Amino acid sequence: MSTASPHDAADFDPRVLIEQHQVGIWRYLRVLGCDAVLAEDLTQETFLTVLRKPFEVYSEAATAAYLRRVAYNLFISHRRRSRKETLVEDIDELNITWDRWAGQDNGDQLVENLRECLELLSERARGALEMRFQQRLRRLEIARSLEITEHGAKNLMQRAKKQLRQCVEGKMQ
Amino acid sequence: MTTDPHNSIVDSLLDELLGQQQPPDLTSQILDRYHDQEPVLPASSTSSPPRRRAQRPRQRSLRNIVAIAASLLIVAMLLGVLAKRINRPLPGGNGEIAGQGEEQPSRLPDEKRGSSRPSELVERVPADDGVFPGTVAGADFPGEDLPLPGPVALTMKIGPRDTVPAIAHQQVISTVNQRLTDTWQEKELVPSEQATDAEWCRRVFLRLIGRIPTADELQEFVSQPAEGNRQQLVEMLLEGENYIEEYAQHWTNIWTNMLIGRRGGMADNDMANREGLQQFLRRSLQGNKPYDQMVYELLSATGSNTPGSEQYNGAVNFLLACMGKDTSLATAKTSSIFLGQKLQCVQCHNHPFSEVAQQQFWEMDAFFSQMAVVRAPDTDAWTLVNQDYSSGQSGGEVFYQQPDGQVKAAFPSFLGKGASSQSGEVQEFDRREELAQQVRYSEHLPRALVNRIWGHFFGHGFTSSVDEMGAHSPVSHPDLLGDLAVQFEAHDYDIKSLLRWVSLSDAFSLSSRYSSSNMADTPEAGEIPSFSRYYTRSMQPEEVYQSLLLVAGVRRGDEPFAEQQMAQRTWLGQFTRRMENDEAEESSSFSGDVHQSLVMMNGPLMQQATSPAQDGVLATVLESDMPLPGKVRHMFMAAISRRPTAEELKVVSMMVASAKDPAALLQDIW
């Protein structure tokens with residue numbers, strides 16, 4: 001265990017800390033519900049907050065968890081200032097899942113696995129997800145495009161995401 | 001954030017993969033800002049140019065940066081002075097400053113505590129020789145805004161806050177309905193259809209007076225013209241002479257359970273007297289005492305706990321039930337029940353999700369430091385008194401231990417806002433009196449009760465837990481909660497007005513059946529409630545008991561209140577067990593399990609309720625000369641507050657036609 005601070009640790013390099021963890025923190029903030037720009041802002045704030053004070057480096061995993069906690073607190077503070085609701089009760093479960101899925105490498109392998117799993121989906125299911133996430137279409141527009149009901153479009157995407165989740169979990173084992 | 005974390009992760013990564021939202025490289029931006037923000041070096045920081053953040057340029061003038069740097073410098077100097085002041089050694093101390101992680105001695109010798117303090121009754125977390133209370137330490141989690149600790153007393157003005165004028169009941173109800181409608185539209189939900197009169201009648205009886213309606217009461221209500229009938233029933237239940245006792249008893253039960261639990265004040269070694277507390281509550285509720293006054297009396301009470309004893313004051317029993325080896329339970333309960341701020345977690349450490357720090361818990365706890373209990377000779381009565389408090393140090397601070405072993409000092413301060421004095425002398429500064437005033441005039445007080453009452457009516461409050469309304473606990477309808485709280489305060493904390501508004505709201509009149517248009521409104525599954533339908537739930541034990549009495553024809557209304565309560569406690573005691581934890585929680589087996597089923601099926605009260613020999617519903621039906629369909633209809637309405645369907649009637653008729661003993665069959669059906 002070593003204690004690092006901006007003032008007294010000669011061997012501590014903030015650049016290394018940032019480079020090692022920024023992608024993981026940005027992705028974690030996106031999972032919490034931040035849009036890309038807000039995630040970028042809060043990622044910066046997370047590192048600046050941490051670097052302002054001495055902190056103890058136990059391990060990479062502990063540092064990542066600590067950074068996520070700071071990021072989470074900043075996220076909650078932001079939501080509070082924006083007077084928005086935030087469900088916090090399942091944060092522990094989210095952290096556990098994120099740790100299991102993406103804790104080792106900031107989620108890089110997870111993204112790769114997901115890319116491969118996407119290819120395994122039916123064309124119709126993949127098309128629905130592309131309309132949703134690429135073209136930013138609303139559910140009603142997706143339904144019209146596929147000539148199904150809105151409820152059907154919702155089910156189609158939910159099933160597709162469930163398949164993705166199962167596929168990703170399979171690759172984890 | 002969705003409730004399933006896997007979905008949240010898949011969604012965000014799909015956005016990254018398909019939506020081309022790639023993680024940016026922020027290294028240089030962060031490092032630039034980091035190097036500019038080293039505040040201990042003002043010369044370089046004041047000359048730095050403003051920086052650009054992410055994709056959103058935020059212009060900061062040189063003047064602002066100079067001002068910020070200067071402020072930081074001043075704060076740092078003040079902290080230095082403050083730390084120097086409060087880091088003085090205790091008498092007899094060794095003069096060393098306690099460092100983080102060092103093992104700390106844990107006890108302050110008795111002679112260093114106030115001599116007038118009854119140490120056998122209330123022990124406080126002490127400091128020890130060589131430890132410097134009040135050591136300033138940084139926040140555990142950098143993302144939190146924590147107040148600076150230390151014995152800084154702020155001179156406060158305590159009194160009523162400015163309130164808006166009270167508006168008419170109907171206007172309040174209209175505002176509530178409009179807020180609900182706004183939410184439904186915003187979430188694209190279509191609320192469920194209206195509940196039938198019979199459904200609504202049953203639920204309003206249960207919520208307002210704690211029992212189901214009799215068949216006669218239900219029949220009378222549903223046969224009235226629809227216009228204004230619901231308002232009339234609410235008025236009758238709240239103000240009618242025939243219901244005032246039931247109203248008071250029901251809400252006495254609710255408040256007693258909330259304040260001291262279902263088992264509190266019943267054991268031989270309990271200092272609290274349940275009967276005394278219930279008497280205080282019942283009188284308060286019968287007289288419709290303003291809620292803020294009731295809370296003030298509970299928190300500032302002194303006197304004896306037992307009815308009939310000298311200096312009797314039933315209100316003392318709330319705090320007596322909280323007295324243990326220290327007063328932390330009183331602090332925790334006061335903050336959660338009256339202010340909607342659950343502080344148990346921060347009692348021992350700063351909580352990662354709470355904006356309230358450990359220091360604030362102990363600052364509030366310091367308000368209870370003058371509280372002491374004495375027992376009059378040759379009696380069973382306990383008396384709650386105020387006594388001068390001294391820590392043995394500078395005076396009125398209390399001590400607590402941080403997780404890292406540091407012992408810190410805390411003076412009375414209400415949620416970080418300070419107090420009018422630090423003195424421990426009762427004559428100079430009655431701490432509980434001030435706390436009671438602070439709570440009474442706190443903006444949290446009306447909000448917490450509105451949330452609690454809303455939760456009572458719907459099974460879900462505006463926050464996931466009605467005891468926890470901190471900033472980390474999102475409010476489902478902030479505007480609605482705010483409006484109701486403001487009007488509750490403007491109506492002089494009239495509890496019946498609040499009950500009136502909620503029970504006549506649109507949300508309370510909706511059916512519990514949901515449709516495809518509001519299927520997403522599922523707080524049972526962890527979603528934020530939208531109140532677009534009425535959420536079904538089990539009856540509370542007290543409601544079941546009172547309803548069983550009703551259908552069994554047991555008229556306890558003629559008995560003294562204390563005997564009624566004793567009978568109820570005996571019955572409820574079969575289901576509730578006190579857990580010996582520091583929050584005085586209770587476990588209940590009244591949750592539809594085997595134990596409850598066996599007691600319900602085989603208990604004497606159920607036997608009474610289903611016996612034709614008693615004066616209950618079944619005997620009345622059997623003795624009447626009503627035709628069979630009328631008898632069946634009456635039993636349905638008495639038990640489940642609705643008429644039987646045609647199919648149900650047909651089946652019953654067929655069964656009775658083929659039965660050798662129709663009366664026995666009706667008993668089976670009942």
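1. In this predicted model, a useful place to start is S304(B), whose bridge partner in strand 3 of chain B is T383(B). Beside this pair, G303(B) has L384(B) as its bridge partner in strand 3 of chain B, and the two bridges that join strand 1 to strand 3 (residues 382-386) of chain B belong to an antiparallel pairing.

2. On the other pairing, strand 2 of chain B is joined to strand 3 of chain B by five bridges, again with the strands running antiparallel; A372(B), for instance, stands opposite V385(B) in strand 3 of chain B. Strands 2 and 3 of chain B form a hairpin with six residues between them, and in the turn D378(B) has a positive phi of about 60°.

3. Taken together, the three strands of chain B make an open, antiparallel sheet in the order 1-3-2. Strand 1 (303-304) and strand 2 (371-375) of chain B each have a single partner strand and stand at the edges, so one side of each is left without a neighbour in the sheet.

4. Turning to a helix, helix 18 (residues 478-490) of chain B has 13 residues and reaches 18 Å from its first C-alpha to its last, close to the 18 Å expected at 1.5 Å a residue. After helix 18 of chain B comes D492(B), which has a positive phi, near 55°.

5. The buried residues of helix 18 of chain B include L480(B), L481(B), L484(B), V486(B) and F488(B), and D483(B) and E489(B) are also among them. The helices of chain B against which the buried residues of helix 18 pack are helix 5 (169-186), helix 17 (444-458) and helix 19 (495-503).

Methods
Residues are numbered from 1 along each chain as its sequence is written. Chains are lettered from A and ligands numbered from 1 in the order in which they are written. This is a predicted model: local features need pLDDT of at least 70, side-chain atom pairs count only at pLDDT 80 or more; totals for chains, interfaces and linings use all residues. Two strands pair if DSSP finds at least two bridges between them. Helices (H or I, at least four residues) and strands (E, at least two) are DSSP runs, numbered from the N terminus. The expected span of a helix is 1.5 Å times one less than its number of residues. A residue is buried if 20 or more other C-beta atoms lie within 10 Å of its own, exposed if 12 or fewer, and partly exposed in between; C-beta atoms are placed from the backbone. Two residues are in contact if their C-beta atoms, placed from the backbone, lie within 7 Å.
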